[in-house]
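Notebook, ligand site. I wanted to look up what surrounds the ligand and which parts of the chain supply it.

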Amino acid sequence: MTVVLSGIQSSGRLHLGNYFGAIRQHVALQQEPGEHLYFIADYHALTSSRDPAELRDNAREVALTYLALGLDPARATLFRQSDVPEVCELAWLLACVTSMGLLERAHSYKDKVAKGLKPNVGLFTYPVLMAADILAYGSTVVPVGKDQQQHVEMTQDIAQSFNHLYGPCLTVPQPRIPSEEHLAKVPGVDGEKMSKSYGNSIWIFEEGKLLKNAVNRITTDSRPPEEPKDPSSVLLLRFLELFLPADEFAQWCERVRAGGAGAPGYGHLKLRLIEAIEATFGPARARRKHLLENPAEVERVLAEGGTHARAQARATVDRCYRACGLR
Ligand code: TYM
């Protein structure tokens, strides 16, 4: 059976990269046959979060975001990672078959350290806990953005090591990355990968003046509108590509490439982008506000999801305990 699973860290408000790289696919995939599991990675968020109230708020925000954007609890299980403590048990079993070298090669860890972050042990062993998340439910498909591909590949290695030592206990999953580069790695306002921790993101539900300010932060240059430009050198177009139908996007590119009197200035592109963001997320923004006023509804979804997910994880952990000699 197909088991689709993915998770999002509760380390801040979710941004356009989370939407186009992950959530949009998650919502689309729930229509397909199979089991669908999505969770709020709050254990993972503890590798950087130090404020209990903020961690709780961020976890609720991930749930609101998923539900507002169309995740249907009747089709997909939504739960908090920490409601399934079995993943920590499984992570220990997996840690004992994972080489230091594998973890030392993790890009995400190396990038964070290179950016000056003082790493804790949790950050270093992050991919092992992520492997436990994936393997606990027998996941076959893991839809994520490009930046998480290596972590899913490490999960494959870890599952294979465990199975090699103890027999076929764990299902080896496949990553599923959006096939188009602009969706798999959405840029931030500075042109680097959009990320909560780089301060270059645009919140999915930003509106009004704050949305205008966010779009104004997208890097431009001093070239005048009339100057013909290579569309790939205009960051605003990379944002528009996320939202516009292909034919309209091609027309904007053509006008930028041609230059001259009819070419749009950066101000025009920004206005079109704001309009497109409003049109894409306006209805979901209204649903989010409704859910914000109904916290009990959100809590009920998470509690039911947690109970369902936990039973599955327990069965996997018990099987692995028996296989490695703990029972
Ligand atoms: P996180 O919270 O950093 O990101 C959540 C999802 O959003 C995708 N994403 C992006 N996609 C395209 N462009 C971007 N700029 C961009 N930024 C983020 C991520 O690839 C991801 O799919 N380790 C995970 C959470 C996790 C998990 C798991 C995921 C924990 N356990 C098990 C899958 C399976 C993370 O920190 O994602």
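I began with polar contacts, meaning pairs of N or O atoms within 3.5 Å. A polar backbone atom of Q9 lies 2.9 Å from an oxygen atom of the ligand. For G17, a polar backbone atom is 3.2 Å from a nitrogen atom of the ligand. For Y126, I found an N or O atom of the side chain 2.6 Å from a ligand oxygen atom.

Next I looked up burial of the ligand. Alone it exposes 710 Å², of which the protein buries 96% (Shrake-Rupley method, 1.4 Å probe).

A note on the source: this is a predicted model, with local features needing pLDDT of at least 70 and side-chain atom pairs counted only at pLDDT 80 or more, while totals for chains, interfaces and linings use all residues. Residues are numbered from 1 along each chain as its sequence is written, and side-chain values use heavy atoms, without hydrogens and water.

Then I listed the shell, taking residues with a heavy atom within 4 Å of the ligand. It holds 29 residues, with Y126, D133, G145, D147 and V186 the closest. I sorted the shell into 14 nonpolar, ten polar and five charged residues, with Gly counted as polar and Tyr as nonpolar.

Which element gives the largest share of the shell? It is β1, with five residues; strands here are DSSP runs (E, at least two residues) and helices are runs of H or I, at least four.

Last, I checked β1 itself. Six of its seven residues are buried (under 20% relative accessible area, 1.4 Å probe, protein chains only). β1 runs parallel to β2, joined by seven bridges (pairing needs at least two DSSP bridges). One bridge pairs S6 with Y38 of β2.

Terms used
Polar contact = N/O pair within 3.5 Å; in protein donor to acceptor, adjacent residues only side chain to side chain. Buried < 20%, exposed > 50% of the residue type's maximum accessible area, 1.4 Å probe, protein only.
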